[in-house]
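Biologist: Before we start, please take me through the reasoning behind each label you use, so that I can follow how every term is justified.

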Amino acid sequence: MNFENLIYSVEEGIATITLNRPKALNALNSALLTELSTLIDSIANDSSVQAAIITGAGEKAFVAGADISEMHGKSPLEARGFSQFGNAIFRKIEQLPQPVIAAVNGFALGGGCELAMACDIRVASTNAKFGQPEVNLGIVAGFGGTQRLPRLVGPGIAKELLMTGDMITADRAAQIGLVNHVVAPEELLGKAKEIAAKMLSKAPFAVQFSKKLVNEGFNMDLDRALAMESEVFGTLFGTEDRLEGMTAFLEKRSANFKAK
Ligand code: HXC
């Protein structure tokens with residue numbers, strides 16, 4: 001697939017999506033978001049893609065936010081539409097059946113932090129910086145930040161970041177649970193691929209349902225969520241991979257999963 005604002009490749013089942021507007025620090029404009037939306041739809045139906053990594057082009061930024069020069073002239077109605085557009089795309093990323101890992105290689109601000117939060121896992125390089133600086137612009141986060149940040153780090157720390165606009169280091173982001181791992185810049189993609197490959201070596205339905213149960217459980221009360229977990233737990237007992245996994249353990253060998 002050819003894009004103007006994205007670079008896309010697939011290797012050994014792992015797709016790498018590189019947001020590619022380095023001169024604007026990969027700021028999210030409508031053209032980039034439209035391409036990203038198309039690509040996510042295609043990945044959702046592509047069984048050759050078993051996991052995806054999202055990263056930014058260049059050494060400076062993952063994504064420095066939504067494109068401020070494009071937003072500058074928007075009316076309230078257009079701005080609401082832009083927020084809805086981004087929210088719908090990020091929701092599609094969150095709901096992809098495949099695992100998605102953000103490899104955060106620099107600034108992840110505003111919409112960039114929000115994109116990273118829509119991924120399942122965040123790996124950051126030591127030079128990454130996170131923040132929701134929208135209050136500096138007279139706006140609030142509009143691609144999910146006011147909702148996903150408190151879910152990830154708790155309301156107190158989320159409110160501090162959203163209400164001060166402060167930027168934080170990768171180490172601080174790891175400390176508050178916003179990122180899973182911090183590694184040297186040259187190790188970033190390798191670390192993201194290592195995590196993806198580990199997930200791909202496990203029973204595919206079990207991995208997919210683990211993601212789905214966490215995502216859907218957040219929208220339910222605990223009793224319904226636990227009932228859903230038991231339902232899926234039982235269903236997986238009907239799969240060949242479950243039998244293979246438990247048999248392999250008892251036979252002291254490694255399992256050979258077949259997504260059946
Ligand atoms: C458009 C941007 C941009 C952005 C950077 N650029 N961020 N263009 N939108 N969000 C452009 C700059 O204008 C500049 O272009 C080039 O990228 C390099 O940036 P500099 O500012 O020169 O770099 P530096 O001095 O190193 O500062 C880096 C930075 C700063 C700290 C990341 O660029 C910055 O503060 N950017 C804005 C961050 C931000 O407020 N993000 C939130 C946006 S609101 P030229 O042409 O001058 O070289 C948001 C809302 C999401 O994301 C929800 C929407 C519904």
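Biologist: Which of the 23 residues around the ligand come nearest?

Modeller: Bearing in mind that this is a predicted model, the residues that come nearest to the ligand are Lys60, Ala64, Ala66, Ile68 and Gly111, out of the 23 around the ligand.

Biologist: What makes the approach of alanine 66 to the ligand a polar contact?

Modeller: A polar backbone atom of alanine 66 is 2.8 Å from an oxygen atom of the ligand, and since a polar contact is a pair of N or O atoms within 3.5 Å, the pair qualifies. For isoleucine 68, a backbone N or O atom lies 2.9 Å from a nitrogen atom of the ligand, and the backbone of lysine 23 has an N or O atom 3.4 Å from a ligand oxygen atom, which is also within the cut-off of 3.5 Å.

Biologist: Why are helices H9 and H10 called roughly antiparallel?

Modeller: Helix H9 (residues 204–217) packs against helix H10 (residues 222–236) at an angle of about 170°, and their axes are 10 Å apart. Angles over 145 degrees count as roughly antiparallel, and H9 and H10 therefore receive that label. On the H9 side the contact involves Phe205, Ala206, Phe209, Leu213, Glu216 and Gly217, and on the H10 side Ala225, Met228, Glu229, Val232 and Leu236. These residues divide into 8 nonpolar, 1 polar and 2 charged.

Biologist: What makes H3 roughly parallel to H4?

Modeller: Helix H3 (residues 76–94) and H4 pack at an angle of about 30°, with 8 Å between their axes. Angles under 35 degrees count as roughly parallel, so H3 is described in that way relative to H4. The contact is formed by Phe90, Ile93 and Glu94 from H3 together with Gly111, Glu114, Leu115 and Ala118 from H4, a set made up of 4 nonpolar, 1 polar and 2 charged residues.

Biologist: How do you know that strands S4 and S9 are edge strands?

Modeller: The open sheet of 4 strands has the order S4-S6-S8-S9, with mixed pairing, and strand S4 (61–63) and strand S9 (167–169) each pair on one side only. Strand S8 (residues 129–131) and S9 run antiparallel and are joined by 3 bridges; as at least two bridges are needed for strands to pair, S8 and S9 count as paired. Phenylalanine 130 stands opposite isoleucine 168 in S9.

Biologist: What makes helix H4 a helix that packs on this sheet, and how is its direction related to that of S4?

Modeller: Helix H4 (residues 111–118) touches S4, strand S6 (107–109) and S8, and its direction makes about 75° with that of S4. Because 65 to 115 degrees counts as roughly perpendicular, the direction of H4 is roughly perpendicular to that of S4.

Biologist: Why is one side of S1 and of S10 left without a neighbour in the sheet?

Modeller: In the open sheet of 6 strands, the order is S1-S2-S3-S5-S7-S10 and the pairing is mixed. Strand S1 (6–11) and strand S10 (181–183) stand at the edges with a single partner strand each, so one side of each has no neighbour in the sheet.

Biologist: What makes S7 the partner of S10?

Modeller: Strand S7 (residues 121–125) is joined to S10 by 3 bridges, and these strands run parallel; pairing requires at least two bridges, so the criterion is met. Valine 123 stands opposite histidine 181 in S10.

Definitions and conventions. Residues numbered from 1 in each chain as written. Predicted model: local features only at pLDDT ≥ 70, side-chain atom pairs only at ≥ 80, totals over all residues. Heavy atoms only, no water. Contact = heavy atoms within 4.5 Å. Axes fitted to C-alpha atoms, helices over the stretch in contact; angles between N-to-C directions. Nonpolar A, V, L, I, M, F, W, Y, C, P; charged D, E, K, R; others polar. Near = heavy atom within 4 Å. Polar contact = N/O pair within 3.5 Å; in protein donor to acceptor, adjacent residues only side chain to side chain.
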